[in-house]
Amino acid sequence: MVVASHLLPKMDAAESFEPACYFADGRRGYSVKYMRRQELLTDVLRQYERYIRMITNSKHNLYLFDKKNEET
């Protein structure tokens, strides 16, 4: 929650945000709330490396799609 200050813009309602990792393919995400900066960067790179290994492996057929523009 933001500390009340006359220098900040006025807010109508209090909002809180929870940093979390999520996956579009349905796998369960996880909280990154208590990760330090270096740990978070390492995690992002590890997930990216995993993705690169999967797309270069012919055993995996990855389909990329945009849910927003998906036909119903």
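**Figure 1. Elements of the chain.** Helices are DSSP runs of H or I with at least four residues, strands are runs of E with at least two, and both are numbered from the N terminus. The chain has 1 helix and 2 strands. Their order from the N terminus is β-β-α. The model is predicted: local features need pLDDT of at least 70, side-chain atom pairs count only at pLDDT 80 or more, and totals for chains, interfaces and linings use all residues. Residues are numbered from 1 along each chain as its sequence is written, and side-chain values use heavy atoms, without hydrogens and water.

**Figure 2. The aromatic pair F23 and Y30.** The structure holds 1 aromatic pair (ring centres of Phe, Tyr or the six-membered ring of Trp within 6.5 Å). The ring centres of F23 and Y30 lie 6.2 Å apart and the planes meet at 50°, so the pair is tilted (stacked is under 30 degrees, edge-to-face over 60, tilted the rest). F23 has 17% relative accessibility and is therefore buried (under 20% relative accessible area, 1.4 Å probe, protein chains only). Y30 reaches 27%, so Y30 is partly exposed (between 20% and the 50% above which a residue is exposed).

**Figure 3. R27 over the ring of F23.** R27 sits over the face of F23, 3.8 Å from the ring centre (cut-offs: NZ of Lys or CZ of Arg within 6 Å of the centre and within 35 degrees of the ring normal).

**Figure 4. Surface and contacts of the chain.** Of 72 residues, 6% are buried. The exposed area is about 7600 Å² (Shrake-Rupley, 1.4 Å probe). Carbon and sulfur atoms supply 56% of that area. Among contacts (heavy atoms within 4.5 Å) with a separation of 6 or more, 7% join residues 24 or more positions apart.
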